[in-house]
Amino acid sequence: MVDDAVAPGKASRPDASPLILHAASEVVGFAKTGGLADVVGSLPCVLARHGYPCVVMTPLYRSTRAARVPMQATPHRVRVPLAGREIAGAIWQSTLADGEVPVYLVEQPEFFERDDPVSGAGLYQFTRLDGTRVDYPDNAERYAFFCQAVVQAIERLGLRPAIVHAHDWQTGLLPVYLQKPGHPGADGAGIHTVFTIHNIAYQGVFPAEVLPRIGLDWRLFNPEQLEFYGQLNCLKAGIVFAERITTVSARYALEIQTPYFGCGLQGVLSARRDRLTGIVNGVDYRIWNPAHDPLIASRYDSSNVSEGKAICKAALQRRFRLPEQPRAPLLGMVSRLVEQKGLDLLREAAPPLLAEDGVQLVVLGDGEPAYRRMLQELQARYPQQVGLALTFDEGLAHQIEAGADIYLMPSLYEPSGLNQLYSLKYGTVPVVRATGGLADTIVDVTPETLASGTATGFCFTAYAGSALLEATRRALALYRGDRERWLQVVRTGMSQDWSWDRSAREYQKLYDQLLAPAD
Ligand code: ADP
């Protein structure tokens, strides 16, 4: 075991600077649909600062080009045999926002440059004419290509990663390809593998027939390896083939071993529980800090939170054409519009909340048509109280965090959750359902937690609109009735440290265990 007290970068390791290669389908600054992008954009920078140099590999999407991050072509090419064809790709180079950690982008226009917000085409899904969103039919090929391109790029670029750290189903096959005969991780060649589950509900399940198309041997198609009820399961591949598995909170690590949360993989995970660790995500305070956030109307910290938030709130009310009332409680939500995020509870709880005088609600989100419609109807019913932006907008996400008084996160399940942590920093008191990372990070307001100065938000347990309503009403009562106590909760949240430093140390411990010479 590695000593907890070992300082970052000073751990006893065989190689003083083992290279960690992170492979992921999205990275903030390049392409993003959710929290995965935030993690892969931030964690490697902190690991590098702690003496664990990292590189990141990710696909080059159309939105990556639109983001206009500086990128240079490299002379390196990959050629991946796929479905009887040889698919060529090129490697581009950039860096993460710190300007230090190299990012290698896999360019393959046919596979990766089809996303286009105007036509409703995303990274993984597109919108049909009837408005429904469906997966691209060739997702297996796209991400099998990406995984094999990563394996080839390691060789072409002359990288010698000590650990390949793959994230989510899109890279679940990476540990499999690495171990193929003749590949860099094969025959005990010394590349260790870590696989992180950011959300077990997305597994990358495909018909078995795809196996030969993506260069995998039928011998791997058995219940102990890649098979999942007669189909190929890419997330299961990562869980079975990686040496260590992590997920994004301690609570979620336990939850996914149960039938309710495990989405069919609870047995596989229970069998590997000695390899499974829960490490909660951190916040990148370079990006998410109201003290120096360039995207919000006024900068503030806990010493001037009332004044700062008042300016941000007025700006947000103007942005959504809501009455500019300083004391109207403003509820905020930024979310993918999917069942996971508890929008069915909002559907029930919003009308009675909005029936109360002056309550305002702003929602920023993109996703399923049924939830878009539900929110549009709510706005049509309460035009003076509901602000709605059905899009993906990073700047507006910051403005809602800064301008709202209360942040709603009634998730059905939440592996880690980032917005509740952003809310703490922005002095926006979260109302959360106590599941996964939400349960691990928010302390419910009670007389005891108020007295001990630990209260940071309002929690509820039952997955019911009435429970969300009750918790939000508790929040409203404190907001309206006891300004001093409210500010105490706000300031307790703002003073907390959910930076990546802490979580990165947990990953470092894990890496050190993998790299420690066997006894
Ligand atoms: P998940 O990964 O399940 O979507 P997280 O809370 O871990 O949930 O992370 C969500 C991230 O995506 C946050 O950074 C959040 O601000 C951002 N986000 C989600 N939807 C939108 C949107 N419509 N516009 C801007 N940012 C969004």
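**View 1. The residues around the ligand in this predicted model.** The ligand has 22 residues around it. Those that come nearest are Gly-35, Asp-38, Arg-336, Lys-341 and Thr-391. Keep Asp-38 and Arg-336 in mind, since both turn up again in the next view.

**View 2. Polar atoms next to the ligand, zoomed in on Asp-38, Arg-336 and Asp-393.** In Asp-38, a side-chain N or O atom sits 2.7 Å from an oxygen atom of the ligand. Arg-336 also uses its side chain here: one of its polar atoms is 2.7 Å from a ligand oxygen. With Asp-393, look at the backbone instead, where an N or O atom lies 3.0 Å from a nitrogen atom of the ligand.

**View 3. How the protein splits into domain 1 and domain 2.** Domain 1 is made of two stretches, 3-282 and 501-515, while domain 2 covers 305-497. Going by C-alpha atoms, the centres of the two domains are 32 Å apart.

**View 4. Where domain 1 meets domain 2.** Here 24 residues of domain 1 touch 22 residues of domain 2. Together the two domains bury about 1,700 Å² between them, and carbon and sulfur atoms account for 55% of that area. What about polar contacts and salt bridges across this boundary? Twelve residue pairs are in polar contact, both partners at pLDDT 80 or more, but the salt bridge count is zero.

**View 5. The side of domain 1 that touches domain 2.** Three helices each give two or more residues to this side: H1 (35-49), H8 (250-255) and H9 (259-262). Which element gives the most? That's H8, with four residues. Sorted by class, this side of domain 1 has nine nonpolar, nine polar and six charged residues.

Methods
Residues are numbered from 1 along each chain as its sequence is written. This is a predicted model: local features need pLDDT of at least 70, side-chain atom pairs count only at pLDDT 80 or more; totals for chains, interfaces and linings use all residues. Side-chain values use heavy atoms; hydrogens and water are left out. Domain bounds come from an automatic or database domain assignment. Contact means heavy atoms within 4.5 Å. Buried area is the accessible area (1.4 Å probe) that two parts lose on being put together, summed over both. A salt bridge is a side-chain nitrogen of Lys or Arg within 4 Å of a carboxyl oxygen of Asp or Glu. A polar contact is a pair of N or O atoms within 3.5 Å; within protein, one must be able to donate a hydrogen and the other to accept it, and residues adjacent in sequence count only if both atoms are side-chain atoms. Ala, Val, Leu, Ile, Met, Phe, Trp, Tyr, Cys and Pro count as nonpolar, Asp, Glu, Lys and Arg as charged, and the others, Gly among them, as polar. A residue is near a molecule or strand if one of its heavy atoms lies within 4 Å of it.
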